Amino acid sequence: RRAARPRRRLTGGAGRRVHRYARSGATGYRADMATEPTDVNVDDYLSAVPNNRRRNDGIEVTRIMQEITGEAPRMWGPSMIGFGSADYQYESGHSGTTFRIGLAPRTSALVLYGLIPPADELERLDDLGEFTRSKACIYVKRLAGLDEAVLRDLITRAWAESGPREL
């Protein structure tokens with residue numbers, strides 16, 4: 001077993017901490033870089049995904065999300081496909097804009113963003129099928145392993161719940 005490497009603190013301009021995976025020349029947090037919309041064509045990006053399963057699953061989920069949201073997909077950063085946009089602000093004061101729901105066909109799995117229901121409604125995931133999850137993402141190895149009706153319900157609810165609200 002290899003010994004753990006010591007962690008290094010990286011700082012950007014004005015002493016701000018920079019994510020350790022930040023690209024050279026970056027001055028902000030990784031989230032700032034990763035969630036910026038780009039002008040890259042979504043169809044071109046998806047057609048260039050090297051893994052056939054990830055490419056086909058990404059195309060299908062993009063189609064489903066577009067059908068449900070009525071929004072055109074847009075590239076956010078180099079590899080995330082997002083629908084809609086939402087402003088956010090943390091208690092720390094950090095704020096920005098991100099997509100409401102989205103996906104990314106990664107090498108190891110198709111990642112679905114924004115579909116995890118609130119903690120008191122996690123049972124909605126019980127019938128989805130074969131997946132793993134983190135606090136904010138669903139990781140899918142095979143789209144065929146999911147129940148499409150449950151996936152559509154998650155997308156529909158997430159889209160409705162992430163929309164503009166009157167306070």
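Is Tyr88 buried, exposed or partly exposed? Tyr88 counts as partly exposed, with a relative accessibility of 22%. Keep in mind for each view below that this is a predicted model.

**View 1. Tyr88 and Tyr90 make a tilted pair.** Here the two ring centres sit 5.3 Å apart. The planes meet at 55 degrees, so the pair goes down as tilted rather than edge-to-face, which takes an angle over 60. As for the surroundings, Tyr88 is partly exposed at 22% relative accessibility, while Tyr90 is exposed, with a relative accessible area of 51%. That 51% puts Tyr90 in the exposed class because the class starts over 50%.

**View 2. Trp76 and Phe99 meet edge-to-face.** This is another aromatic pair, from a count of three. The centre-to-centre distance is 5.7 Å, with 75 degrees between the planes. The two partners come from distant parts of the chain, 23 residues apart: Trp76 belongs to strand β1 (residues 74-76), and Phe99 to the loop between β4 (95-98) and β5 (101-105). Both rings' residues are tucked away, since Trp76 is buried at 4% relative accessibility and Phe99 is buried at 9%.

**View 3. Tyr113 joins Trp76 and Phe99 in one aromatic cluster.** Look back at the edge-to-face pair of Trp76 and Phe99 and add Tyr113 to the picture. Strand β6 (residues 110-113) has the highest confidence in the protein, at a mean pLDDT of 98.

**View 4. Arg100 lies over the face of Trp159.** In this close-up, Arg100 is 3.5 Å from the ring centre of Trp159.

**View 5. Arg124 is a buried arginine in a loop.** The loop in question runs between β6 and β7 (132-133). Arg124 has 15% relative accessibility, so it falls under the 20% limit for buried. Its side chain makes a polar contact with the side chain of Glu121, at 2.3 Å. Leaving aside residues up to four places away in sequence, Arg124 also touches Pro117, Val150, Leu154, Arg157 and Glu161.

**View 6. Confidence is lowest in helix α1.** Helix α1 (residues 30-34) has a mean pLDDT of 47. Over residues 8-33 the pLDDT is below 50, and this stretch has 24 contacts in the model beyond near neighbours in sequence. For the protein as a whole, the average pLDDT is 83, and 77% of the residues score at least 70.

Key
Residues numbered from 1 in each chain as written. Predicted model: local features only at pLDDT ≥ 70, side-chain atom pairs only at ≥ 80, totals over all residues. Heavy atoms only, no water. pLDDT = per-residue confidence, 0-100. Helix = DSSP H or I, 4+ residues; strand = E, 2+ residues; numbered from the N terminus. Contact = heavy atoms within 4.5 Å. Buried < 20%, exposed > 50% of the residue type's maximum accessible area, 1.4 Å probe, protein only. Polar contact = N/O pair within 3.5 Å; in protein donor to acceptor, adjacent residues only side chain to side chain. Phe/Tyr/Trp six-rings, centres within 6.5 Å; stacked < 30°, edge-to-face > 60°. Lys NZ or Arg CZ within 6 Å of the ring centre and 35° of its normal.
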